[in-house]
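Please look over the sequence and the three-dimensional structure below before reading on. The paragraphs that follow begin with one helix and then widen the view.

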Amino acid sequence: MKKIAVILSGCGVYDGAEIYESVLTLLRIEQNNASYQCMAPDIEQLHVINHLKGEVAEGERRNVLIEAARLARGDIIDLASADAADYDALIIPGGFGAAKNLSDFAVNGSDCGVNAEVKRFTQAIHAAAKPVGLICIAPAMTPLLFGEGATCTIGNDADTAAAIEAMGGQHRNACVDEIVVDAERKLVTTPAYMLAGSISEAASGINKLVDEVIALA
């Protein structure tokens, strides 16, 4: 049975991993008769958002690994302890946590950096010629993880696409139910909630992404 690593960035669309995207990913992995292991970096979130009001919750602090454990029903490991040799592929769901906690793209745009553990593990998976799937805003990290010329999609947002290109990546516009495959790098991306208006629309692309990643594994 193929085993897929899933890196989560917290819990909640505005400050962590997008919950629907994460659950759809885990469900589709199982539907492909594969297994998964959730993991997250043991770091503090950039900030905490009150999801009812959409505002920063001043004075609140939360840990990415502890919050991601909510999504994983407690079955999660510290990304720092993860060994790429134990997995056949990697998928990173979106949500603003990918741009705030796994990277600082939300703050610094094309001048951003990627969390050291995220970079270590992802590049180890890639170096072993294993496939990687990035969902929603997570593909903004593509040039920093896979190098100049790596091809991805975040949908059709012009500013985000321009930032990816400024970092050396190649952006291709895509619809919500489409995936973009960089065959040379075994990299698969899909827009999900960068474009989705419903959970069903998000699933249309995520299911294709998971299917392709597992097929490549």
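**A walk through the structure**

In this predicted model, a good place to begin is helix α5, whose buried residues pack against the strands β1 (3-7), β2 (35-40), β6 (89-92) and β7 (132-135), and also against helix α6 (142-146). The residues of α5 that are buried are V118, F121, T122 and I125. They cover an arc of only 95° around the axis, and therefore they sit on the same side of α5. A general property of helices helps to explain such a pattern: an α-helix has 3.6 residues a turn, so residues three or four places apart point the same way. The face of α5 that is turned away from this buried side carries A116 and A127, which are exposed.

The length of α5 can be checked with simple reasoning, since its 12 residues, 116-127, should span 16 Å at 1.5 Å a residue, and the C-alpha atoms at its ends are indeed 16 Å apart, so expectation and model agree. Both ends of the helix deserve a look as well. At the N-terminal end, N115 acts as a cap, with a side-chain oxygen that lies 2.9 Å from the backbone nitrogen of E117, while just after α5 the residue A129 takes a positive phi of about 60°.

From α5 we can step across to a loop. D83 lies in the loop between β5 (76-78) and β6, and although D83 and I125 are 42 residues apart along the chain, their C-alpha atoms are separated by 9.0 Å. Is D83 buried, exposed or partly exposed? Its relative accessibility is 41%, and because partly exposed residues fall between the limits of 20% and 50%, D83 counts as partly exposed. The side chain of D83 also reaches the backbone nitrogen of A85, at 2.9 Å.

A second helix, α7 (residues 158-166), can be read in the manner used for α5. Its buried residues are T160, A161, A163 and I164. Seen down the axis of α7, these residues fall within an arc of 160°, so they line one face of the helix. On the other side of α7, the residues A158, D159 and A166 are exposed. The buried residues of α7 pack against the helices α4 (105-108) and α6, and against the strands β8 (151-152) and β9 (170-171). Just after α7, G168 takes a positive phi of about 105°.

For a single buried residue, consider T25, which lies in helix α1 (residues 19-31). T25 has a relative accessible area of 0%, which means that it is buried. Its side chain reaches the backbone oxygen of E21 at 2.8 Å, and, leaving aside neighbours within four places in sequence, T25 is in contact with I91, P93, I135, I206 and V210.

Finally, we can step back to the whole protein, which has 8 helices and 11 strands. Its radius of gyration is 15 Å, close to the 17 Å that the globule rule gives for 217 residues, so the protein is as compact as a globular protein of that length. Of its 217 residues, 53% count as buried. Among the contacts between residues at least 6 apart in sequence, 68% join residues at least 24 apart. The C-alpha atoms fill a box of roughly 45 × 35 × 35 Å along the principal axes, and the accessible surface comes to about 9,200 Å², of which 46% belongs to carbon and sulfur atoms.

Terms used:
Residues are numbered from 1 along each chain as its sequence is written. This is a predicted model: local features need pLDDT of at least 70, side-chain atom pairs count only at pLDDT 80 or more; totals for chains, interfaces and linings use all residues. Side-chain values use heavy atoms; hydrogens and water are left out. Helices (H or I, at least four residues) and strands (E, at least two) are DSSP runs, numbered from the N terminus. The expected span of a helix is 1.5 Å times one less than its number of residues. Buried means under 20% relative accessible area, exposed over 50%, partly exposed in between (1.4 Å probe, protein chains only). The arc is that of the directions from the helix axis to the C-beta atoms. Contact means heavy atoms within 4.5 Å. A polar contact is a pair of N or O atoms within 3.5 Å; within protein, one must be able to donate a hydrogen and the other to accept it, and residues adjacent in sequence count only if both atoms are side-chain atoms. The radius of gyration is taken over C-alpha atoms; the globule rule is 2.2 Å times the number of residues to the power 0.38. Accessible areas come from the Shrake-Rupley method with a 1.4 Å probe; for residues, only the protein chains shown count as cover.
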